Amino acid sequence: MKNIDSISHVTGRSLYVDDIPVRTGTLYGVVFTSPVAHGNIIKLDTSGAESMDGVTGVFTAKDIPGENQIGGIIPDEVLFADKKVVFHGQPLALVVAKDEFTARKACAKIVTDIEPLEVVTDPREACNKGMLLVPPSTFRSGDIHKAWDQCAHIFEGKTETGGQEHLYIETQGAYAYLMENGHIKIRSSTQGPTHVQKSAAEILGIPMHRVEVDVTRLGGGFGGKEDQATAYACMAALAAMHLQKPVKLILHRLDDMRMTGKRHPYSADFRIGLSGALKIVAYQATFYQNGGAAADLSPAILDRSLFHSTNSYFIPNTEVTAYSCKTNLPPNTAFRGFGGPQGMYIIEAAIAKAAHELNVPASVIQEKNLLRENDPFQYGQVAKNVHIGKCYQMLDKEFGIKKIAGEVAFFNQENVLHKKGMALMPVCFGISFTNKSMNQARALVHIYQDGSVGVSTGAIEMGQGVNTKILQVTSRTLNIDPERIKIESTNTTRVSNTSPTAASSGADLNGKATEIACIQLRKRLIKTAGSILGVNPGRLAIYDGWVTCDGKRSKLSWEKLVKTAHLERVCLSEQGHYATPFVHFNKETAKGHPFAYHVYGVALLVTHLDCLRGTYRFDKVCIVHDFGNSMNIDIDMGQVEGALAQGIGWMTMEEVSYDKEGKLLSNSLSTYKVPDIFSAPRQVVCIPLPVKGPKPAILRSKAVGEPPLMYGIGAYFAIQNAIKAFNPSYVPDFDAPMTPEKVLMRLYQ
Ligand code: MTE
Ligand code: LUZ
Ligand code: MOS
């Protein structure tokens, strides 16, 4: 089935927040932000802005009737700074005017006096000063101290991975307006409508039932709107409440880049020990996560880095400690992979280091240590239905790992100024929120009198195709034509207490809830059909818009059945509630069964380096990916390709850069480079692993949103291998992203 949004997307008819037709009297907001990264606020004088023509209001912390607090996991983040500023670009005030231009001009009239304080941007420095967002966390398995004695080889190293700008095409924004009796409605570009509803209620000092949040779709989220859409929705709501007028707030691209958090940069130390037979016996690491100035989702992201710190390998003795460091940067946040990519990069770096020192291909070490059935993860869960070995074997069978390695070696022999490099990247990613309570969802399904169907869930459509998948679930469960079904906007009054659409589990959780509701409706309608036709309902089914009896079409159509059921006063609406079974995790012991299942896959990347320029391109990426039984292979392939490009971008050309004063240098698309069509791999071949999907996956179709991003990690090591082929004295270092500038320096160092 085609993505149901594709036609409206390509014809420009899809509606985003900024496309909602505005109501009469709509006003426009612009956020005034801190010009320094750390300081005490001595003066914040907004009178110049307030007295400007066309300005209707300027709002600061003192205008918040409720609590000036938007922290998601820990209450450590204010909506508007009042006493202190803690990052460059932190909101101080919202200026509201008749148009955006006037509001922006008025911002320039605001006068501040901020007494500067010391700015810390480096996570290790923050850690040394004891500036942590939460206490450190450690995952352990086996006995790391005894294990070193059993190792024939021990290697140590240091790694860095950079931030990443989400660059969703639709920037952060919200449109808020009043309904009757002081109720407020917010149209927000958020992955977490309930988070917006709860925070707006707290800011306004009103109960949640007076706030309605509605989301049609996002022009991309990638994690950047899991938490950070909230602030702008709250600001729009606050101004709308004060002014009793509709208020729209859409961030300018440059403001969005400057003000919002990104993927967390990590700095890390590792120590890896191997046996003579190249089995990884011990792995010890310390992660320094650059959290920024407030916790946001950092603690949960830190946890996922630990969960994925051994990637797809079984390592009997491990000890990994992670620090979430508080720095004067915008609070870093969720980004596709959610700390998993950072954790995986570090173990891959450790393996690359060992491979270099022992002069063996990294793929040999990778292959020897792949997870097997019933191996325990370091967090206690026992690996079941492990497919990583199968992915590896199939990749080898289909593409020939040795053959490609041979071609690369031959090319490198024949060429002086061009070198190729190859790398393998296996991935094992856990599916479920690691916070148990978030693994739940609801769906509300209405069958209308004419037989058409409306479905509401907590899922947010952000381009990943979740609405198409939910429509497929409805169509398959009720056995009716997809044309009869409409997926409604995500609205907190129809489906409440939603988890954000995140952790790749949007389709699983909301799809399951939809399936549950549809099964109930089907049962009820079959029963009605039984009494209409005067036969035992056990003989009846619905198929292709008709009631069938013993497999043969009866005279009763779907429309007739629905109409009669309504006349018979049978309820044609149903709510489904789903909670992922068997997931739990004890934070004290760091053991449990946090994931419903894991997604596996292996990628092989070949890069081509121009050794005069330091530039590179990717010739091909071969992937074997475990989709389970993909319910929509076109959408899922799109997710693999998009995530791969995003992962390669993070590892190669995307370089988030701040100056020592905490000011963003890579603050526009001329200084922050993202992959475009010219930097996409020349060839991407992805083969679905032929296996049966697990039960907790919707229709046995595995979650696909995040896992393929991590194939991109192989890009770093492929380039590294190409550099080694040109410059034998290069000692591999681990400082991602590997930009062309860095490549050039390493070629000739
Ligand atoms: N694909 C598109 N086109 N746009 C997005 O914003 N977000 C990714 C992924 N794929 C995203 C995307 C992220 S971070 C997640 S967690 C999942 O989609 C969320 O959707 P799902 O749970 O329905 O897979
Ligand atoms: N968000 C979250 C996530 O709150 N918890 C998670 O475990 C998670 N994992 C991936 C992406 N977002
Ligand atoms: Mo995705 S980082 O879970 O929004």
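A polar contact is here a pair of N or O atoms within 3.5 Å; within protein, one atom must be able to donate a hydrogen and the other to accept it, and residues adjacent in sequence count only if both atoms are side-chain atoms. The structure is a predicted model, in which local features need pLDDT of at least 70 and side-chain atom pairs count only at pLDDT 80 or more, whereas totals for chains, interfaces and linings use all residues. Residues are numbered from 1 along each chain as its sequence is written, chains are lettered from A and ligands numbered from 1 in the order in which they are written, and side-chain values use heavy atoms, with hydrogens and water left out.

**Domains**

An automatic or database domain assignment divides the chain into domain 1 (6-117 + 167-259), domain 2 (266-434 + 587-747) and domain 3 (440-579). Taken over C-alpha atoms, the centres of domain 1 and domain 2 are 36 Å apart. Contact (heavy atoms within 4.5 Å) joins 20 residues of domain 1 to 29 residues of domain 2.

The size of an interface is often given as the accessible area lost when the parts come together. Buried area, the accessible area (1.4 Å probe) lost by two parts on being put together and summed over both, is about 2000 Å² between domain 1 and domain 2, and carbon and sulfur atoms give 64% of it. On the side of domain 1, Ile73, Phe222 and Met257 lose the most area to domain 2, together 26% of what that side buries. Across this interface the rule finds five residue pairs in polar contact, both residues at pLDDT 80 or more. It finds zero salt bridges (a side-chain nitrogen of Lys or Arg within 4 Å of a carboxyl oxygen of Asp or Glu) between domain 1 and domain 2.

**Ligands**

A residue counts as near a ligand if one of its heavy atoms lies within 4 Å of it. Of the 18 residues around ligand 1, Gly221, Phe222, Met462, Gly506 and Gln639 come nearest. Ligand 2 is surrounded by Glu226, Arg304, Phe338, Phe433, Thr434, Met438, Ala502, Ala503 and Glu706. Polar contacts of both ligands are listed below.

| Ligand atom | Protein partner | Distance |
|---|---|---|
| Ligand 1, nitrogen | Arg336, side-chain N or O | 3.2 Å |
| Ligand 1, nitrogen | Met462, backbone N or O | 2.8 Å |
| Ligand 1, oxygen | Ser505, polar backbone atom | 3.2 Å |
| Ligand 2, nitrogen | Arg304, side-chain N or O | 2.9 Å |
| Ligand 2, oxygen | Thr434, polar backbone atom | 3.1 Å |
| Ligand 2, nitrogen | Ala503, backbone N or O | 3.4 Å |

Taken alone, ligand 2 exposes 290 Å² (Shrake-Rupley method, 1.4 Å probe), and the protein buries 97% of that area.
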